[in-house]
Amino acid sequence: MSVPVAGRASADSGESDWHAAWLPPAAFRELGSRPVLVHGDGLLVDTVLDEVSRACARYGGQLWHGPPWQVDADLVLALREAGPVPNAAAEAARLGATPAVNGTGDGALGDEGYLLTRASGVTVVLADAPAGLLYGMFHVVRLGAAAFDDDLPARRHRPALNRRMLDHWDNVAVHPVSGQIERGYAGGSLFWRDGAARHEPARLRDYGRLLAACGVNAICVNNVNVHDTEALLLTDRLGDVADIAEVLRPYGIRVHLSVTFAAPVVLGGLPTADPLDERVRAWWAAATRRVYQRIPDFGGYLVKADSEGQPGPFAYGRDHADGANLLAGALAPHGGVVRWRAFVYDHRQDWRDRSTDRARAAHDHFAPLDGQFADNVIVQVKFGPIDFQPREPVSPVLAAMPSTRLAVEVQATQEYTGQQRHVCYLAPWWSEVLRFRPRGAAGRTIADVAGAGGGLVAVANVGDDPFWTGHPLAQANLYAFGRLAWDPLLDPGAILDEWIDLTWLPGTTGDPEAVRRTMHAIMDDSLRTYERYTAPLGVGFMVRPGHHYGPDVDGYEYTQWGTYHFADRDGVGVDRTRATGTGFTGQYPPPWSEVYESRERCPDELLLFFHHVPYRHVLHSGRTVIQHIYDTHFAGVEEVAAMRERWRLLAGAVDPAVHDRVAERLDEQFRSAVEWRDQINTYFFRKSGIPDAHGRRIH
């Protein structure tokens, strides 16, 4: 793997001065070394042609684009509606693509689906639309040599979720507190720099390739906290957004825009942004019409309203349905959607008042409005009720609004999971969330909720760092998000294998199996390693206020933000029960309302989220709470030390630039883990007065 540190892509070579991530040239070797036929036309078919052409030029293959004569190809990529395929095996596959494939449906593949089969020695990808052909081509790349095995089974592939989106928290102008990217840990923005558009299409195009190759089909290009400069993207600076859309369009990616609810006042000079005011409705309709004139495939708006200081409908005595439906009405004639975030809570709480509970807020605000939102409103709900902690219960909002389109929001950027300075593979956690059944074993999964129209969203973790995500191993989270959004039932370990095989093995100079084993040993349990040395048993938020990196046990304990642990000399945890606490457990349907209500039945890993318990409370594991805290924090540091040693053994087997960057990050992770261990253990020893049963040093 070649990993230069700066520069610009070369159109001639197809190489660039940034990391190729899961699309290094060698990943295209099997495809590019064979005769390939592409059949069909369209913008995204042109993208397929470009990808295949570059691969064939590099590896000696041959490319045909729909010739009138019969072609002897090893790989055929064809649109079914483009007519007869000039390859006998592929044409037979086209004619035989029936409902028998996978035993479901009428044989239709949809706008993004494809059929992959092997017929008479030819690998065939059939699609009904150009996007499907693009995704099918990347699937062939993912399979490598296996795509040309004669025993390759015929299979229809369609995304389980139609909306698979990344939200960039990028600022156009550098914000005095948030910087160029709010919660960004991988350098500057790909889109903006110092108040202006970057206009670097080569880098942006490569980003689009990476996203399409893992299945992402939408992005929002600016921060949900819309500041003055960013507000202008809707009007005066719309051309910058159109330029981004132009570059990403060939990879099937639709652009969305964060807007301020106060835009009619801020940009339009109106005296009000009241959603029921006809002048306001007219302003939004006209502004939206201009957007679609410039960007015909524009996706829609993302809105954060009445939360953390952002303006919203509450100022006019209206509710969130009123606000969202205002924008939905402007977008509906053009086929757009408004994504209305449910991250709404009182961020000026009195820490003395234990009846106020930030976890309750989203459900309190939104559940009563179920059924009142327009069809093109998507309520975007964080997967947990607080704020992307490494251990939270699934948000009860996701079970409470069956008549509303809901999107599930996760956080790929590692705000609370080590900020891309720590290894933390998040796919196992996301998989747990997507497979969770809020109404018990017979009910729908969270993936089913997302699949009903809202989709899956991640806060993006990329920047202009040469490695895209700062930490090279954090690329796995971006890749895994796209793959889980396409198929929430995929195994996180299998996804990690795909990413390793595409990203690392093409460039290794060592034993590929040793590289794969080492990656798994470091990454498989890395999220739980992080959890072990940070906040225990689901209590969360023992981080440094503001930037959220590193330990500060009481940092938020007496603040307005509503993220408390209530540790005292007798115990720790938040009482969220109906019997004696905030009543949050009652927002869940059975059986979880009863499971979480009960100390005895509540899962250990969430105990302190739902209950205030004595330090000597015995967990299901047989350990006391205080001993669990000591044991896990010592164990977490030992696990990071083992990660660091395993990585050192890969020196010489992977590119030196990559090895050095990961080694540097692991050194920082070890330092930070020691600091976490010592502060957490010392804090709870001093609170409880209970020594470690094993006599280890606590300061």
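The following exchange concerns the nonpolar cores, the cysteines and one loop glycine of a predicted model.

Trainee: Which residues touch the most other members in the largest nonpolar core?
Mentor: They are W22, W284 and Y301, in a core of 211 residues. Helix α21, residues 625-648, supplies the largest share of this core, with 9 residues.

Trainee: And is there another core apart from it, and of how many residues? What does it include?
Mentor: Another core, of 16 residues, lies apart from it; V76, A90, L109 and V124 are among them.

Trainee: Back to W284: what does W284 touch, not counting residues up to four places away in sequence?
Mentor: Its contacts include the aromatic residues F261 and Y301. Among the others are L234, V259, T260, A263, P264, L326, L327 and A330.

Trainee: Changing topic, how many disulfides does the structure hold?
Mentor: The count is 0.

Trainee: Why is C220 without a bond?
Mentor: The closest cysteine sulfur, in C214, is 18 Å from the sulfur of C220, which is too far because a disulfide needs the two sulfur atoms within 2.5 Å.

Trainee: How far is the sulfur of C424 from the closest cysteine sulfur?
Mentor: That distance is 19 Å, again to C214, and it is too far for a bond.

Trainee: Are these two cysteines buried or exposed?
Mentor: C220 is buried, at 0% relative accessibility, and C424 is buried as well, at 4%.

Trainee: One last residue: where does G507 lie?
Mentor: G507 sits in the loop that runs between α16 (492-503) and α17 (512-523).

Trainee: Why does G507 count as buried?
Mentor: Its relative accessible area is 17%, and G507 is therefore buried, the limit being under 20%.

Trainee: What separates the C-alpha atoms of G507 and W647?
Mentor: They are separated by 16 Å, while the two residues are 140 residues apart along the chain.

How values were computed. Residues numbered from 1 in each chain as written. Predicted model: local features only at pLDDT ≥ 70, side-chain atom pairs only at ≥ 80, totals over all residues. Heavy atoms only, no water. Core = buried A, V, L, I, M, F, W, Y, C linked by side-chain atoms within 4.5 Å. Buried < 20%, exposed > 50% of the residue type's maximum accessible area, 1.4 Å probe, protein only. Helix = DSSP H or I, 4+ residues; strand = E, 2+ residues; numbered from the N terminus. Contact = heavy atoms within 4.5 Å.
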